[in-house]
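Biologist: I would like to learn how to read a ligand site and a few unusual backbone spots. Could you walk me through them?

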Amino acid sequence: MKIDGQAWRTIWLEPGGRSIGVIDQIQLPHQFTTRTLRSCDEAAEAIRTMVVRGAPLIGVTGAYGLMLALQVDPSDASLAAAFDQLNATRPTAVNLRWALERVRDRVAPLPPAERAQAAQVEAGAIADEDVAMCEAIGEHGLELFQELAAARPGQTLNVLTHCNAGWLATVDWGTALAPIYKAHRAGLDIHVWVDETRPRNQGASLTAYELGREGVPHTVIVDNAGGHLMQHGQVDAVIVGTDRTTRRGDVCNKIGTYLKALAARDNNIPFYVALPASTIDWSIDDGVAEIPIEARSPEEVTHIQGRSPDGAITTVQLSPDGSPGFNPAFDVTPARLVTALITERGVVAASAAGLQELYGDV
Ligand code: MRU
């Protein structure tokens, strides 16, 4: 995507090939800065602290993290230790394990001296494929939005989204936001309700930032406003991303997504989930029972970050001293509440049959 006319990806191999560049998402939207990751430790820390976040980008960062480890020590022990270190950073986004396994399975059979280069090539391929899959998701979602718009001639198409599943969460284009970008660029009259997405406010900070940069009309709302807007006919569709979708179509995404799905169902509003193949977990069915849900620091709930009047990025305390917090970072929307999955291969029902129809060869 373009920032001030310059094309950016969220992650890139730096000249010399021994370090990775990333956009520092903790400083956004108030400061656009980049960071250089020079070691597996730094890659792991960037994932854990959410300098980089979003399931596909976490996966790509993990892949490059293995490359950085193998550049220092290409041994079996180093590969295994780096795999475990990176895989332990955040438990929910399945893209991380998927990308680490792909790089490990590619390099493990190789002589140690060839491993770092092969890991670099594989990580680069994962990044490029992610861009292509996200753009394809954009095209398939555009068709859906054009159908919805055609049913409302002369009206603005109002779409609600939760968290950030835009280009900042992937390598480029995004998943849930890709159809919105394609629609806007195609001249469709579209407006986005942006859930703030407590506690880390990925919607209010990152999604609003992206949409603003792309010139897409949008409005930031509190997470609890969506149901009310739906009741009053101000939402035509909901579109979100996912961190892990099971083989029967149960969808895990940012905490609060399940409540949006319930409200959408209660108001007969289509609830779409956009995802690349790398976010499907073919090893599990029951998302509520089987997907590990990350529990992050309660401080993310009891405190909040923002820009103070003097321009400094600062954190303030919301709740009184001594009040404990609890911070599950994701929840699961059962397949029965999902209208359709928008993938790089097309749009299907959120069901085992639907996913098999598209990915039967996987
Ligand atoms: O905690 P985060 O910011 O990594 O959570 C991100 C989300 O929940 C996204 O919706 C999901 O990863 C899809 S990103 C294309």
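Modeller: Gladly. A residue counts as near a molecule if one of its heavy atoms lies within 4 Å of it. Keep in mind that this is a predicted model.

Biologist: With that cut-off, how many residues surround the ligand, and which are the closest?

Modeller: The ligand is surrounded by 18 residues, and the closest are R53, R90, D243, N253 and K254. Sorted by class, this shell holds seven nonpolar, seven polar and four charged residues.

Biologist: Which polar side-chain atoms lie by an oxygen atom of the ligand, and at what distance?

Modeller: For a polar contact, look for a pair of N or O atoms within 3.5 Å. In this model, N253 has a polar side-chain atom 2.6 Å from a ligand oxygen. For K254, an N or O atom of the side chain is 2.7 Å from an oxygen atom of the ligand. R90 places a polar side-chain atom 2.8 Å from a ligand oxygen.

Biologist: And how much of the ligand's accessible area does the protein cover?

Modeller: On its own, the ligand has 410 Å² of accessible area, and the protein covers 100% of it. As for location, the ligand sits in the largest cavity. A cavity here is a set of grid points where a 1.4 Å probe fits but cannot get out.

Biologist: Which elements give two or more residues to the shell around the ligand?

Modeller: Those are the helix α2 (55–72) and the strand β11 (251–254).

Biologist: Now the backbone. Where should I look for a cis peptide bond?

Modeller: Check omega, which is about 0 degrees for the bond that joins L28 and P29, a cis peptide bond. P29 belongs to the loop between β4 (20–23) and β5 (34–37). Another cis peptide bond joins R198 and P199, again with omega about 0 degrees. P199 is found in the loop between β7 (190–195) and α7 (202–214).

Biologist: What about phi in that second loop, at T197 and N201?

Modeller: T197 is not a glycine, yet its phi is positive, about 70 degrees. T197 lies in the loop between β7 and α7. N201, also a residue other than glycine, has a positive phi near 60 degrees, and N201 lies in the loop between β7 and α7 as well.

Biologist: Are these two buried or exposed?

Modeller: Buried means under 20% relative accessible area. T197 is therefore buried, at 0%. N201 is buried too, because its relative accessible area is 10%.

Definitions and conventions:
Residues are numbered from 1 along each chain as its sequence is written. This is a predicted model: local features need pLDDT of at least 70, side-chain atom pairs count only at pLDDT 80 or more; totals for chains, interfaces and linings use all residues. Side-chain values use heavy atoms; hydrogens and water are left out. A polar contact is a pair of N or O atoms within 3.5 Å; within protein, one must be able to donate a hydrogen and the other to accept it, and residues adjacent in sequence count only if both atoms are side-chain atoms. Accessible areas come from the Shrake-Rupley method with a 1.4 Å probe; for residues, only the protein chains shown count as cover. On a 1 Å grid over the protein atoms alone, a cavity is a set of points where a 1.4 Å probe fits but cannot get out, and a pocket is an open set with protein on both sides within 12 Å along at least five of seven lines; lining residues have an atom within 4 Å of a point. A molecule sits in a cavity or pocket if more than half of its atoms lie within 2 Å of its grid points. Helices (H or I, at least four residues) and strands (E, at least two) are DSSP runs, numbered from the N terminus. Ala, Val, Leu, Ile, Met, Phe, Trp, Tyr, Cys and Pro count as nonpolar, Asp, Glu, Lys and Arg as charged, and the others, Gly among them, as polar. Buried means under 20% relative accessible area, exposed over 50%, partly exposed in between (1.4 Å probe, protein chains only).
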